[in-house]
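I opened my notebook for a round of look-ups on side chains. Here is what I wrote down, entry by entry.

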Amino acid sequence: MPTIPAAPARLARITADERQFRAWMLVSTSLLAVILFSVSVPLSATIYDVNLLAAFGTSLALAGALPLAVRWPWPAASVSAAGLLVFALLSLGSDVAPWPWPVTSIVSQGALLIVLGLMWEWRLGLIAWGMGVVVTFPFAFVDSGAAASMITGAAVTALACAIAVLLAQRRVIGVELFRERAHSALEQQRRVLVEERNRIARELHDVVAHGLSIIHVQATSAPYRVEGLSDAAKTEFSEIAASARSAMTEMRQLLGVLRSADTAAETAPQPGLAQLPELAASVERAGVPVSLTVDADLPDGGLAATAAYRIVQEALSNVVRHAPGAPTFVSVEVLADDLVVCIDNETATDDPAPDAKGGGHGLVGIGERAALLGGRAEFGERPGGGYRVLATLPLGSDGGAV
């Protein structure tokens, strides 16, 4: 027989979903046990002429095995088999109803096998089915009616066992698919984060390289621009220029490592806050009215300015995709030593495109850009409708001057 994986209770016993499933099984089996007990006791005492106390005992064994199987499968299978055997012995003289497998015993044993199949390994259900058949098999030789009852009970419970195995396999496959999807989603999230960080690093390369180039030029030209420098000062300027040159070479090598094989080299200069009006105008041409408010005293360049532009760009792109036509308000100002960027949009006036559903990398990039400078980014729905993106970027992190 092919190997069938264990039921999800063995695979994910500590998960919240599995605990909830166990609780649901315990409640449902308890209700079914009460119903079977209520029906089995009078049936055993009246139709099968079993002593009332014995009827209570055998009915309790057959019905009580159901909730018992949720936590203790082996005792449940043993108690059920014992109940079947004792009932068959006590009702041996009955010839007016199906025997040794009455309807209540078939229902209780079938339900037990389904519970065992769903909660535990398939082998346990098969063994429990075999135990029930073995303890009642000798009674099949009493007469033809007993043989027919025996065959019926064995066949119906075998069908229940097979159904339990199929349901258990379905649950196992579902759990494995869920885990695989969760693993794939986690890997995708990590890949997106790495790609976004690499893209940010490539964009900030120009900003840092510009500063190193200035240091190199100033250090190289200092002996010619400043008169009366000592030999030690000239040597120190020469070492500064060599260090700047070495740093730029290492940055280019690092950028080559970060760039993937299919990434084209970027030669355009990185945009800054001065390009925000052009960005707003391009978004307005896409059908989104943009109101731009920019402080007059803003840093001309630096990491904070580049990050602020990209944050505004990502936020406006999200508005175009997810809230077309929504009036949008962009403000960039300096508060204390921070550059504060806020993008607010109202509710959409048009339906988003069908391909706009699903999450992209924009919010991930906004958070990464803010964290890179030691700042923070917050985003979420506004109480009155619409969406807000708020980023705070410390200017001192890159030496930006107001």
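**Entry: nonpolar patch.** I began at the surface, where Leu32, Ile35 and Val39 make a nonpolar patch of about 240 Å². My patch rule takes residues with over 30% relative accessible area and no salt bridge, joining nonpolar side chains (Val, Leu, Ile, Met, Phe, Trp, Tyr) within 5 Å and like charges within 9 Å. A salt bridge here is a side-chain nitrogen of Lys or Arg within 4 Å of a carboxyl oxygen of Asp or Glu. Areas come from the Shrake-Rupley method with a 1.4 Å probe, and for residues only the protein chains shown count as cover. I found Leu32 in helix α2 (residues 16-46); helices are DSSP runs of H or I with at least four residues, strands are E runs of at least two, and both are numbered from the N terminus. Leu32 is partly exposed at 31% relative accessibility, where buried means under 20%, exposed over 50%, and partly exposed in between (1.4 Å probe, protein chains only).

**Entry: ground rules.** I noted that this is a predicted model, in which local features need pLDDT of at least 70 and side-chain atom pairs count only at pLDDT 80 or more, while totals for chains, interfaces and linings use all residues. Residues are numbered from 1 along each chain as its sequence is written, and side-chain values use heavy atoms, with hydrogens and water left out.

**Entry: aromatic pairs.** How many aromatic pairs are there? I got 5, pairing rings of Phe, Tyr and Trp (its six-membered ring) with centres within 6.5 Å; planes under 30 degrees apart are stacked, over 60 edge-to-face, and the rest tilted. Tyr48 and Phe87 are one edge-to-face pair, with ring centres 5.2 Å apart and planes at 70 degrees. Tyr48 lies in the loop between α2 and α3 (52-71) and Phe87 in helix α4 (residues 73-90), so this pair ties together parts 39 residues apart in sequence. Tyr48 is buried at 4%, and Phe87 is buried at 3%.

Next I looked at Trp99 and Phe139, also edge-to-face, at 5.4 Å centre to centre and 75 degrees between the planes. Trp99 sits in the loop between α4 and α5 (103-119), and Phe139 in the loop between α6 (122-136) and α7 (144-225), so the pair links parts 40 residues apart in sequence. Trp99 is buried at 4%, as is Phe139 at 9%.

**Entry: charge over a ring.** I found the charged end of Arg71 over the ring of Trp72, 5.6 Å from its centre. The rule asks for NZ of Lys or CZ of Arg within 6 Å of the ring centre and within 35 degrees of the ring normal.

**Entry: cysteines.** I counted 0 disulfides, a disulfide being a pair of cysteine sulfur atoms within 2.5 Å. Cys161 is buried at 9% relative accessible area, and Cys342 is buried at 12%.
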